[in-house]
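Please walk me through the fold of this protein, beginning with its surface and overall make-up and then moving to the sheet and the helices that lie on it.

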Amino acid sequence: IHLFNNLQANPTELMKQHASILSESGKEILYIDFSGLRGDDFLAAIEQVKNFCLRLPADKHYPSITDLTDASVSKPVRESMRQMEKAISQNKGPEDPGIVKVVIGLNKLAGAITKNIQYTDTRTEAIARILAQGHNA
């Protein structure tokens with residue numbers, strides 16, 4: 001019944017893929033789309049992204065873009081994201097420090113969150129930053 005209620009409330013959210021591999025100028029980029037998500041929809045999307053990432057080759061690390069535009073990042077969402085990152089790092093091993101990570105939609109909070117992630121307001125700018133880095137995964 002819960003699934004049926006969610007389907008009525010937001011049928012496109014259940015079908016949306018929140019993670020994909022983009023190919024830009026010969027470079028593969030992990031694109032994670034959490035834009036506009038909140039609450040249970042956000043938590044379900046995190047689980048989907050985790051499962052997607054765990055299916056990727058364990059020996060390959062991708063530069064990434066995570067779109068958080070208009071998303072509501074609550075305490076349960078932050079905890080779920082931490083658990084997702086932990087599960088992925090346990091599966092893939094240590095991350096290559098040269099891999100570029102760009103987050104869209106949190107530019108105003110950039111300094112308050114972390115220093116090893118770049119922030120921007122658009123997907124186009126995020127891709128440009130990754131391509132400018134010149135690092136191949």
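**From the surface to the sheet and its helices**

The protein exposes about 8300 Å² of surface, of which carbon and sulfur atoms supply 52%. The model is a predicted one, and 34% of the 137 residues in the protein count as buried, buried here meaning a relative accessible area under 20%. Among contacts with a separation of 6 or more, 69% are made by residues that stand 24 or more positions apart.

The protein contains six helices and five strands, and read from the N terminus on, these elements follow one another as α-α-β-β-α-β-α-β-α-β-α. The five strands form an open sheet of mixed pairing, in which the order is β1-β2-β3-β4-β5. Because β1 (19-24) and β5 (118-120) each have a single partner strand, they stand at the edges, and one side of each is left without a neighbour in the sheet. On average, and with direction ignored, neighbouring strands of this sheet are turned by 25° against each other.

At the β5 edge, the partner is strand β4 (residues 101-104), which runs parallel to β5 and is joined to it by three bridges; within this pair, Ile104 stands opposite Thr120 in β5. Helix α6 (residues 123-133) packs on the sheet and touches β1, β2, β3 (64-67), β4 and β5, with a direction that makes about 145° with that of β5.

Another helix, α3 (residues 39-55), lies across β1 and β2 (27-33) and runs at about 55° to β1. Its length can be checked against the expected rise: at 1.5 Å a residue, the 17 residues of α3 should span 24 Å, and the end C-alpha atoms are 25 Å apart, which agrees.

Which residues of α3 are buried? They are Phe42, Ala45, Ile46, Val49, Lys50, Phe52 and Cys53, and because they cover an arc of only 165° around the axis, they fall on the same side of α3. The spacing along the chain can be read in the light of helix geometry: an α-helix has 3.6 residues a turn, so residues three or four places apart point the same way. The cover over the buried residues of α3 includes β1 and β2, together with helix α4 (75-92). On the other side of α3, by contrast, Asp40 and Arg55 are exposed, that is, over 50% in relative accessible area.

Technical notes
Residues are numbered from 1 along each chain as its sequence is written. This is a predicted model: local features need pLDDT of at least 70, side-chain atom pairs count only at pLDDT 80 or more; totals for chains, interfaces and linings use all residues. Side-chain values use heavy atoms; hydrogens and water are left out. Two strands pair if DSSP finds at least two bridges between them. Helices (H or I, at least four residues) and strands (E, at least two) are DSSP runs, numbered from the N terminus. Axes are lines fitted to C-alpha atoms, for helices over the stretch in contact, and angles run from 0 to 180 degrees between N-to-C directions. Contact means heavy atoms within 4.5 Å. The expected span of a helix is 1.5 Å times one less than its number of residues. Buried means under 20% relative accessible area, exposed over 50%, partly exposed in between (1.4 Å probe, protein chains only). The arc is that of the directions from the helix axis to the C-beta atoms. Accessible areas come from the Shrake-Rupley method with a 1.4 Å probe; for residues, only the protein chains shown count as cover.
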